Amino acid sequence: MFDIAVLGFYLARVQMPFSPEERRRIQAIMPWFVLLAAWACLMFLIPYNHYLIQVIGLRAAIFFLPFVLIGAQATEKDLDQLVPCVAVLNVIAFVFALLEYQYGLESFYPRNEATFLIYKSTVTVDGHYFPRIPAIFNSAHAFGGMMCATLPFLVNRVAMQGRGAREKLWYAAAILASVLGIFFCGARLPVIILFLIFAIVLFRGQLSPTTALLLFLLGLTASYV
């Protein structure tokens, strides 16, 4: 049902006319889109697993790629509507992660077949097992991945000129909550992506000294926590 809904969304978007600006944005990222799709297809053709599992893997790797093209068409007006909601949701997710860490997952996720993978996903520290924190997601990896995916939007709002100090502080708080959430989830890949994001932002983002200092202080705070 989910895949049918996504296909319906794709079909509806294709039937809508594209403006010249939208076409320009799509063409700018098309080489990356083709590269990602070609890599997924190449991996699919390597017979290292049962063909049905190969199909499932291909679906996971390629089915959502058109969302990249759709996201590239977003304007500043679209982001002005989207990013404030993302900031609120990230803070809510972090609050739930904090509560789950403090009071245990059982207070939020009862043990049953649907939550089996949540309780099976653990981190071992000095011989002790700690659950990875999923917050309000169905897995810790989904939690950390979403925090990573939304960070560039939040950092962009902090770096933008003409934003009020109170608004920037709110987005800074959302960035801090997102970064801490990445470490709370206990997964390794989101942490690697986090460092890559901030490396790209710091070296290619053309940040003002004030914004760079703010991000540095946020990083120190997250490291301390």
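**Entry 1: ring pairs**

I started with the aromatic rings and found that the structure holds eleven aromatic pairs. A pair here means rings of Phe, Tyr or Trp (its six-membered ring) with centres within 6.5 Å; planes under 30 degrees apart count as stacked, over 60 as edge-to-face and the rest as tilted.

I should say early on that this is a predicted model, where local features need pLDDT of at least 70 and side-chain atom pairs count only at pLDDT 80 or more, while totals for chains, interfaces and linings use all residues. Residues are numbered from 1 along each chain as its sequence is written, and side-chain values use heavy atoms, with hydrogens and water left out.

I looked up F9 and F67, a stacked pair with 5.8 Å centre to centre and 20 degrees between the planes. This pair links distant parts of the chain, as F9 sits in helix α1 (residues 2-15) and F67 in helix α4 (residues 66-72), 58 residues apart. Helices are DSSP runs (H or I, at least four residues), numbered from the N terminus.

How open are these two rings, buried or exposed? F9 is partly exposed at 39% relative accessible area, and F67 is partly exposed at 34%. For these words I use under 20% for buried, over 50% for exposed and partly exposed in between (1.4 Å probe, protein chains only).

Next I turned to Y101 and F184: their ring centres are 5.4 Å apart and their planes stand at 70 degrees, so the pair is edge-to-face. Y101 belongs to helix α5 (residues 76-103) and F184 to helix α8, 83 residues apart. Y101 is exposed at 58%, whereas F184 is buried at 17%.

I also noted a cluster in which ring pairs link F2, F9, Y10, F63, F64 and F67.

**Entry 2: helix α9**

I checked the span of α9 (residues 188-204): at 1.5 Å a residue, its 17 residues should span 24 Å, and the end C-alpha atoms are 24 Å apart, which agrees. The expected span is 1.5 Å times one less than the number of residues.

Which residues of α9 are buried? They are P190, V191, L194, I197, F198 and V201. Seen down the axis, they fall within an arc of 120 degrees, so they line one face of the helix; the arc is taken from the directions from the helix axis to the C-beta atoms.

These buried residues pack against α7 (140-159), α8 (165-184) and α10 (209-224), with contact meaning heavy atoms within 4.5 Å. On the other side I found exposed residues, including R188, F195 and R204.

Methods: Helices (H or I, at least four residues) and strands (E, at least two) are DSSP runs, numbered from the N terminus.
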